[in-house]
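I have a new model open and want to work through it one lookup at a time. These are my notes, in the order I made them.

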Amino acid sequence: MDQEYLSGAYLVIQKGPLLGKRVELWKECTTIGRSRDCDIFLEDIAVHRKQASLLRSSAGYVLRDDHGSGDSFVNGSPVREQVLKSGDQLLFGGTQLIFYASEGTRPFQLPSSRGRELHNRKVPDPQPSVVARLYPINAHSGVIQAIEVLPEMTVGRSRECDIFLEDLAVSRLHATIRELPNGTYEMSDNHSATGTFVNGRSMTRCLLRDGDQLQIGASRFVFRLSHS
């Protein structure tokens, strides 16, 4: 039972084939690597089959380099073993992740216009910031895992896409989700062969609303907005 204790810590992939994916940390030892036997499987040829482990200790989570070649990085520096703190940037091959010790330690992403207003010492719009997430729905197992939506994300069968769907019914660059200047999100179909569907209707471009159900090929998602 102790092994299934939920710590609240998690990783968010910031760069690589799984960009935007959130990975919860709940085990005493979480393995990372290119092997499918690893708890966190990174489909990145620059990553070793058994790259590293995240160990839960009384001091917090510890990153341990398991390959011994000095290519597990924390904040740009190679490490053998290091206690992590919230906001630390981890790098394995071409995959970059950010570690968060708990939900409350994560800074919410603000629209770029608000950032420019702060930089120019203008008073920003007092409205709360919004975080958008996609919840992939696996029809067979019912498993739902959130993917945070970045300012612009591509979806398709190409491994270059931010959200990679291994499905022959999906075009290589099937669709794009982007944040608009007013903080809303728009989805556009990139002339795909089989179409992009929102709430069961084929669309070429539409604004997304909280609770919308998206379908691309056999993959279904729920779009959710949450306020800080």
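What follows are my entries on confidence, sheets, cores, a few single residues and the cysteines.

**Confidence**

I started here, since this is a predicted model. The chain has a mean pLDDT of 80, and 80% of its residues are at 70 or more. Then I looked for the weak stretches. Residues 104-126 stay under 50 in pLDDT, and the model gives them 27 contacts beyond four places in sequence. Residues 139-144 are also below 50, with six contacts beyond near neighbours in sequence. Note to self: where pLDDT is low, the predicted coordinates should not be read in detail. I am leaving the contacts of residues 104-126 alone for that reason.

**The six-stranded sheet**

In which order do the strands of the open six-stranded sheet run? I read β2-β1-β11-β10-β7-β8, with antiparallel pairing. Next I checked the ends. β2 (22-24) and β8 (77-78) are the edge strands; each has a single partner, so one side of each has no neighbour in the sheet.

Inside the sheet I followed one pair. β10 and β11 (residues 95-100) are antiparallel and share four bridges. Phe92 has Thr95 of β11 as its bridge partner.

**β14, β16 and β17**

I moved on to another set of strands. β14 pairs with β16 through four bridges, in the antiparallel sense. Across that pairing, Met153 faces Ile177 of β16. β16 also runs antiparallel to β17, joined by five bridges. There I found Glu179 opposite Tyr185 of β17.

How many residues sit between the strands in the hairpin of β16 and β17? I get five, and Gly183 in this hairpin has a positive phi near 90 degrees.

**Cores**

Which residues of the largest nonpolar core touch the most other members? They are Leu134, Met187 and Leu208, in a core of 23 residues. I listed the strands that each supply at least two residues of this core: β12 (130-137), β14 (152-156), β16 (175-179), β17, β20 (205-208), β21 (213-216) and β22 (219-227). So β14, β16 and β17 from the entry above turn up here again, going by that list of contributors with at least two residues each.

Another core lies apart from this one. It has 20 residues, among them Leu11, Ile13, Val47 and Leu63. For context, nonpolar side chains tend to be buried together in soluble globular proteins.

**Ser192**

I found Ser192 in the loop between β17 (185-189) and β18 (196-198). Is Ser192 buried or exposed? Its relative accessibility is 13%, so I count Ser192 as buried. The side chain of Ser192 has polar contacts with two other side chains that I noted: Asp189 at 2.6 Å and His174 at 3.2 Å. Leaving out residues up to four places away in sequence, Ser192 touches Ser171 and His174.

**Asp88 and Asp37**

I looked at two loop aspartates side by side. Asp88 is in the loop between β9 (81-83) and β10 (89-92), while Asp37 is in the loop between β3 (29-33) and β4 (40-41).

Asp88 is buried, at 2% relative accessible area. Asp37 is exposed, at 64% relative accessibility.

What does the side chain of Asp88 reach? I see the backbone nitrogen of Lys85, at 2.9 Å. Past four places in sequence, Asp88 is in contact with Val74, Asn75, Val83, Leu97, Ile98 and Phe99.

For Asp37, the contacts past four places in sequence are Thr31 and Lys50. I also checked Asp37 against Arg49: they are 12 residues apart in sequence, and their C-alpha atoms are 8.9 Å apart.

**Cysteines**

How many disulfides does a search of the whole structure find? Zero. Why does Cys38 have no such bond? The closest cysteine sulfur, in Cys29, is 9.9 Å from the sulfur of Cys38, which is too far for a bond; the cut-off is 2.5 Å.

I looked up burial for two of the cysteines as well. Cys38 is buried, with 6% relative accessible area. Cys206 comes out at 19%, and is buried too because the limit is under 20%.

Notes:
Residues are numbered from 1 along each chain as its sequence is written. Side-chain values use heavy atoms; hydrogens and water are left out. Buried means under 20% relative accessible area, exposed over 50%, partly exposed in between (1.4 Å probe, protein chains only). A polar contact is a pair of N or O atoms within 3.5 Å; within protein, one must be able to donate a hydrogen and the other to accept it, and residues adjacent in sequence count only if both atoms are side-chain atoms. Contact means heavy atoms within 4.5 Å. pLDDT is the predictor's confidence in each residue, from 0 to 100. Two strands pair if DSSP finds at least two bridges between them. A nonpolar core is a set of buried Ala, Val, Leu, Ile, Met, Phe, Trp, Tyr and Cys residues joined through side-chain atoms within 4.5 Å.
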